[in-house]
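Please load the model in your viewer, show it as a cartoon, and keep the side chains ready to be switched on as the tour moves along.

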Amino acid sequence: MPELPEVESVRRGVDEWTAGALITGAEVVDPRILGTTSARRVDDSAAAAFVRTVTGRRITGAQRRGKFMWLTLDGEDGLLVHLGMSGQMRVHLAVEEAHRHTRAAFRLERGEERFDLRFVDQRIFGHLSVQPLVAAHGRLVPASAIHIAPDPLEDVFDIDATLAALARKRSPIKAALLDQTLISGVGNIYADEALFRAGIHPLAIAARTRRNRLAAPRIGDDRHGRCPGCGRNELRRPLRQRQRGVRLPRH
């Protein structure tokens with residue numbers, strides 16, 4: 001599953017292409033993409049309603065919290081984009097042939113530019129929906145993300161409060177790091193990496209681990225910074241390296 005760095009890489013590319021664009025039309029090629037993994041049967045009427053909801057809206061930018069990404073529509077609603085295991089947001093000219101796994105397409109207009117933003121998902125583990133934006137932890141997020149904590153790359157992320165909450169957890173520290181209500185965006189890969197670099201066993205009980213080991217910062221040396229309490233440097237490293245496979249195609 002994509003974790004924070006992968007979703008952030010996609011978000012940056014999507015924002016570059018879509019910020020300020022008007023959605024002049026949309027097509028739901030496969031209505032299952034509007035469902036969830038536990039409820040993929042979607043009526044055609046729901047697909048038609050989705051198209052009506054997004055058409056004529058202006059995208060003000062692509063936002064993210066943890067693994068959640070959304071396009072803000074007129075500053076009021078969010079077009080939630082859950083990538084799942086194989087989801088891609090791809091930019092194409094409208095005349096270009098659609099990939100056989102294209103599940104939805106949005107016709108965009110920005111100035112003199114005309115192009116498509118297409119959601120391609122081979123395994124259909126992804127999800128699209130439009131949700132109202134609500135206030136949570138200092139910013140507006142889609143309603144389904146209201147329970148998600150700030151992630152380590154957000155300005156509102158409070159490392160001291162997070163470490164204090166982590167120190168109260170009586171569960172294994174890896175399980176605590178995967179708790180999206182405590183820290184969002186961290187998954188198996190980056191939890192393992194952060195704990196390995198900090199020299200902490202994944203099954204160590206968080207509440208029994210010394211606070212200085214939870215933080216374990218190398219002050220002033222970002223290349224070797226270690227912070228299992230937030231995973232900040234582990235999460236930033238792939239963004240600096242521009243991980244392959246998550247860039248937005250340019251056409």
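Which residue in E3 is the bridge partner of Arg64? Select Arg64 and look across to E3, where the bridge partner is Met69. Please keep in mind throughout that this is a predicted model.

**The hairpin and its sheet**

Stay with these two strands and colour E2 (residues 59-65) and E3 (residues 68-73), which pair in the antiparallel sense over six bridges. Together E2 and E3 form a hairpin with two residues between them, and Gly66, in the turn, has a positive phi of about 60°. If you display the accessible surface, E2 proves to be mostly covered, since five of its seven residues are buried.

Next, extend the selection to the sheet in which the hairpin takes part, an open sheet of five strands in the order E2-E3-E4-E8-E9, with antiparallel pairing. E2 and strand E9 (139-142) stand at the edges, each with a single partner strand, so one side of each is left without a neighbour in the sheet. Averaged over the sheet and ignoring direction, neighbouring strands are turned by 35° against each other. From E3, move on to strand E4 (residues 77-82), which runs antiparallel to E3 and is joined to it by five bridges; here Thr72 stands opposite Gly78 in E4. Now add H1, which packs on this sheet, touching E2 and E3, with a direction that makes about 175° with that of E2. H2 also packs on the sheet, where it touches E3, E4 and strand E8 (127-136), and its direction makes about 50° with that of E8.

**The four-stranded sheet**

Hide the strands just visited and select E1, E6, E7 and E5, which in that order form an open sheet of four strands with antiparallel pairing. Strand E1 (22-28) and strand E5 (87-92) are the edge strands, and each has a single partner strand, so one side of each is left without a neighbour in the sheet. From one strand to the next, the twist averages 20°.

Within this sheet, look at E1 beside strand E6 (residues 102-110): the two run antiparallel and are joined by six bridges, and Ile23 stands opposite Leu108 in E6. Helix H2 (residues 44-54) packs on the sheet as well, touching E1 and E6, and its direction makes about 170° with that of E1. Bring H1 back into view, and it can be seen lying across E5, E6 and strand E7 (113-121), running at about 40° to E6.

**The nonpolar cores**

Now show side chains for the largest nonpolar core, which has 31 residues, and in which Phe50, Met89, Phe106, Leu108 and Leu128 touch the most other members. Helix H1 (residues 4-18) gives the most to this core, with four residues. Centre the view on Leu128 and, setting aside residues up to four places away in sequence, you will find it touching Ile33, Leu34, Phe50, Leu80, Val81, Ala104, Phe106 and Phe119. Apart from this core lies another, of 17 residues, among them Phe157, Ala176, Ala191 and Leu214.

**Two buried residues to inspect**

Is Lys174 buried or exposed? Select Lys174 in helix H4 (residues 173-177), and note that its relative accessible area is 18%, so with the cut-off for buried set at under 20% it counts as buried. Its contacts, leaving aside neighbours within four places in sequence, are with Asn188, Ala191, Asp192, Leu195 and Pro202.

Then go to Thr209, in the loop between helix H5 (188-198) and helix H6 (211-215). Thr209 also counts as buried, at 11% relative accessibility. Its side chain reaches the backbone oxygen of Ile205 at 2.9 Å, while its contacts beyond four places in sequence are with Ile200, Ala204 and Leu214. A distance drawn from C-alpha to C-alpha between Thr209 and Arg168 should read 10.0 Å, although the two are 41 residues apart in sequence.

**The whole chain**

Finally, zoom out to the full chain, whose secondary structure comes to seven helices and nine strands. Of its 251 residues, 49% count as buried. The chain exposes about 12400 Å², with carbon and sulfur atoms supplying 50% of that area. Among contacts with a separation of 6 or more, 68% are between residues 24 or more positions apart.

Note on methods:
Residues numbered from 1 in each chain as written. Predicted model: local features only at pLDDT ≥ 70, side-chain atom pairs only at ≥ 80, totals over all residues. Heavy atoms only, no water. Core = buried A, V, L, I, M, F, W, Y, C linked by side-chain atoms within 4.5 Å. Buried < 20%, exposed > 50% of the residue type's maximum accessible area, 1.4 Å probe, protein only. Contact = heavy atoms within 4.5 Å. Pairing = 2+ DSSP bridges. Axes fitted to C-alpha atoms, helices over the stretch in contact; angles between N-to-C directions. Polar contact = N/O pair within 3.5 Å; in protein donor to acceptor, adjacent residues only side chain to side chain. Areas by Shrake-Rupley, 256 points an atom, 1.4 Å probe, with all protein chains shown as cover.
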